[in-house]
Amino acid sequence: MTMRLIVARHGNTFAPGAIVTRVGGRTDLPLVASGLEQGRRLGLYLKEQGLIPEVVFTATLVRTRQTADQALLAMGLHLPCIALEMFDEIDYGPDENKPEADVLARVGPGAIKAWDEAGIVPPGWNADPDAIIQAWLAFGQRLRNDWPNKTVLVVTSNGIARFSPCLMGDFEAFRREHNLKIATGAYALFKAEDGGPWTVEAWNVRPDRC
């Protein structure tokens, strides 16, 4: 029997031409039109791939719930969404909701590169990778206990999704080989066969480019 976990990042919160800011857990923006479309395409693509969720989790933030709602609507599903604070985006501290150019100027390109490639938190951001990893591990065990052999969809944010590969047990090896950033509207797929360890089957799949 196979348990499948789909970890998706929410859709766009900025329209073309808008000033893009570093949106964290303290900034609860809705999706723009392109973000709603990304949610719809996510649902259509998952349906085409036979990845039909039976359980759905989101963050408490509206952008994650809207993405899940659009995906479920596209799949013709009527499932409740379970909102968990553990899936809320991290707190970007002094850079929360600041233009990306300002963030880059404050922390430097090296810090952003280290965050995207290795999950190293830039100075000033309020994020604890160890706590996020422990939350993912506890969630993975909860899935095994409460929803064994189900297909589960989680819609979360950039800063949280990047730590999901810790489910496989060797996060260090994964981040040496992959960029941890997942694009808006993209997803990762994990599987566990017959109660065995989690494996990653796909990473940063972008339905809007498939």
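Student: Which residues of helix 1 are called buried, and what makes them so?

Tutor: In this predicted model, the buried residues of helix 1 are G35, Q38, G39, L42, G43, Y45 and L46; the word is used because a buried residue has under 20% relative accessible area. These buried residues pack against strand 1 (2-9), helix 2 (62-75), strand 4 (151-156), strand 5 (187-193) and strand 6 (198-205).

Student: How do you know that the span of helix 1 agrees with its number of residues?

Tutor: Helix 1 covers residues 33-48, and at 1.5 Å a residue its 16 residues should span 22 Å; since the end C-alpha atoms are 23 Å apart, the two values agree. Helix 1 is followed by G50, whose phi is positive, near 75 degrees.

Student: Why is strand 4 described as mostly covered?

Tutor: The description rests on a count, in which 6 of the 6 residues of strand 4 are buried. T151, L153 and V155 point one way from the strand, while V152, V154 and T156 point the other way, and all are buried. In a regular strand the side chains alternate between the two faces of the sheet.

Student: How do you know that strand 4 is paired, and with which strands?

Tutor: Two strands count as paired if at least two bridges are found between them. Strand 1 and strand 4 pair in the parallel sense over 6 bridges, with R4 standing opposite T151 of strand 4. Strand 2 (residues 55-58) also runs parallel to strand 4, joined by 4 bridges, and here F57 stands opposite V154. Both bridge counts satisfy the criterion, so both pairings are accepted.

Student: Why does S164 count as buried, and where is it found?

Tutor: S164 is found in the loop between helix 6 (158-161) and helix 7 (171-177). Its relative accessibility is 0%, and because buried means under 20%, S164 counts as buried. Leaving aside residues up to four places away in sequence, S164 touches V7, W136, F190 and W203.

Student: What makes the radius of gyration of the protein chain agree with that of a compact globule?

Tutor: A compact globule of 210 residues would have a radius of gyration near 17 Å, and the protein chain has 16 Å, so the two agree. The C-alpha atoms fill a box of roughly 50 × 35 × 30 Å along the principal axes, and 50% of the 210 residues count as buried. Among contacts between residues at least 6 apart in sequence, 75% join residues at least 24 apart.

Key
Residues numbered from 1 in each chain as written. Predicted model: local features only at pLDDT ≥ 70, side-chain atom pairs only at ≥ 80, totals over all residues. Heavy atoms only, no water. Helix = DSSP H or I, 4+ residues; strand = E, 2+ residues; numbered from the N terminus. Expected span 1.5 Å × (residues − 1). Buried < 20%, exposed > 50% of the residue type's maximum accessible area, 1.4 Å probe, protein only. Contact = heavy atoms within 4.5 Å. Rg over C-alpha atoms; globule rule 2.2 N^0.38 Å.
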